[in-house]
Amino acid sequence: MTPFTQDLLIAVVKIAVVIGTLLGAFSLMTWIERRTLAFMQYRLGPNRTGPFGLFQPIADGIKLFFKEEVMPAAADKWTFLAAPVVAVATALLATAVIPYGPPFSLPGWSWLPEWLQGRDVQILIADLEVGLLFIFAVTALGVYGLVLAGWAANSKYSLLGGLRSSAQMFSYELALGLSWVTLIMAAQSFRINDIVAGQAGWFWNWNVVLHFPAFLVYFLAASAEVARIPFDLPEGESEIVAGFHTEYSSMRFALIQMGEYINLITVAVLATNLFLGGWNSGIPGIPETLLGFPLGFLWWGAKVAFVLFVFIWLRGTLPRFRYDQLMQFGWKVLIPAAAVWVMIFAGWVALAGRGG
Amino acid sequence: MDAVLFYVFAALAVASAVVVIAQRNAIYSAFALVVTLCSLAVIFALLGSPFIAALQVIVYAGAIMVLFLFVLMLLNVRREEDHPAAGGRTLRGVGLALVTLLVLQAGTVLLRSDLRPAAEFDASTVEMAETLFSPQFLYAFEATSILILAALVGAVVLAKKEL
């Protein structure tokens, strides 16, 4: 086998692993979120299907699959059909440049082909030089899915939801981008692997300590980007029914939901990789592998799970913003705060020499 | 591999650019323009400049076109009415002649050149930025920015009947 075919084969396997895991995580997340929210609100949540209600996502999937697909008579047919696809495609595209866990060596089992034994791999589909910028570009494209969904249905509520989501994502993208600037300055690279590598050692080396203002801005802007409470105005059900996906039913509704949850997971993974030290344990001296298993996956997975839990926690705790408050907060608080932090850090780097 | 990708995305860019002009539905036009911009970004990436490719998508497809779509949706532009082109036959004839001339010229240029990059371009993003902000190019660079600003102001003046 030529090296090119080997690389191609590995890439295909990685894509299958990442997309499969994300889809599994998406369905599991719907259950975890509903159960956790229920406990926070003194309810039980879905607990009838399977042990602890664990099969609820499967039941939901079957239900959505067999439901009738309704399309409004006045809808713009092709755009209406394409919008959920755009939403999911952009959400999945962003996951291609994110590292999931540490680089590791494959075990030297004898049944593996020789070129696979002991090969260094990482669950990362494309290690782009401009990784962070790529994510930024793709999330910027992600707006189109929501906007087109809102416009194509030709319904007032959908259109209002679409307008709201485009304005909101547009405003908060600026703060989101600014919150990454100081990380890029400190790591001198757009590559996520480099940023993670810069956080090795003790846990006070993690970016969340030094770049705490950036972390706050990132967390708030990112939860606005994925339109979670308290920023879920694009689908505020007490005002505009369900916003841009009011008219969607059946599997297309499921596709839009899938896009949203994959975006949420992406945001959590990015928070882990960029700010929370990635797969570094935070305590030097802990071995990197245990019986050949790279322990980095454990720390990394725990951090991602924690960030996801905080998102659910916020949803169970906070009320929704008013629209003018949302715009005011984005433009007059988050963006200036991020810009000031960039200037402070840039000044510090310039005065104290290169590197954070 | 690169050549195949180039031809695929170049064809996509041209085809969607044609759709931008030919399409009567303004939203479809805007969406086709997004496809054009993204294909151009892929071509930039193939030329060895992923930074420019990412900026292309962020600035044009991600920011400017979202604003376009936002305005189109606010105005609820559905479909431009079919109306005869202003100026009548003579103007259309002249336009067609000009387009033919342009296509012929483009063809001659393509035939004469040997279609290779002028020089091996292998500068990093930082070097590129340093060149761009060097005294050699700084004036042209800033002048372009002022030109774009002037165009923006002009667009506002044209669009608003009363200021």
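**Helix α3 of chain A, chain folds and the A–B contact**

In α3(A), the buried residues are F80(A), A83(A), P84(A), V86(A), A87(A), V88(A), T90(A), A91(A), L92(A) and A94(A). The model is a predicted one. Within chain A, these buried residues of α3(A) pack against three helices: α1 (3-40), α4 and α10 (250-274). Helix α3(A) covers residues 77-94, 18 in number. From first to last C-alpha the helix reaches 27 Å, close to the 26 Å expected at 1.5 Å a residue. The helix is bent nonetheless, by about 30° at A83(A). A proline, P84(A), follows within four residues of that bend. Both A83(A) and P84(A) are among the buried residues of the helix.

Chain A as a whole contains 12 helices and four strands. Its 356 residues include a buried share of 42%. Along the principal axes, the C-alpha trace of chain A spans about 60 × 55 × 45 Å. The radius of gyration of chain A is 21 Å, which agrees with the value near 21 Å for a compact globule of 356 residues. Contacts in chain A often link distant parts of the sequence. Of those between residues at least 6 apart in sequence, 77% join residues at least 24 apart.

Chain B is built from six helices and has zero strands. Its elements therefore run, by the DSSP numbering from the N terminus, as α-α-α-α-α-α. Buried residues account for 17% of the 163 residues in chain B. Among contacts in chain B with a separation of 6 or more, 48% are between residues 24 or more positions apart. The domain assignment divides chain B into domain 1 (1-79) and domain 2 (122-163). Taken over C-alpha atoms, the centres of domain 1 of chain B and domain 2 of chain B are separated by 21 Å.

The two chains meet through 19 residues of chain A and 15 residues of chain B. On the chain A side, the elements that give two or more residues are α4 (131-152) and α5 (156-187). Helix α4(A) supplies the largest share of that side, 10 residues. By residue class, the side of chain A that touches chain B divides into 16 nonpolar residues, two polar and one charged. Helix α4 of chain A thus appears in two settings. The buried residues of α3(A) pack against α4 of chain A, and α4(A) also gives residues to the side that touches chain B.

Methods:
Residues are numbered from 1 along each chain as its sequence is written. Chains are lettered from A and ligands numbered from 1 in the order in which they are written. This is a predicted model: local features need pLDDT of at least 70, side-chain atom pairs count only at pLDDT 80 or more; totals for chains, interfaces and linings use all residues. Two residues are in contact if their C-beta atoms, placed from the backbone, lie within 7 Å. Ala, Val, Leu, Ile, Met, Phe, Trp, Tyr, Cys and Pro count as nonpolar, Asp, Glu, Lys and Arg as charged, and the others, Gly among them, as polar. Domain bounds come from an automatic or database domain assignment. A residue is buried if 20 or more other C-beta atoms lie within 10 Å of its own, exposed if 12 or fewer, and partly exposed in between; C-beta atoms are placed from the backbone. The expected span of a helix is 1.5 Å times one less than its number of residues. The bend at a residue is the angle between axes fitted to the seven residues ending there and the seven starting there. The radius of gyration is taken over C-alpha atoms; the globule rule is 2.2 Å times the number of residues to the power 0.38.
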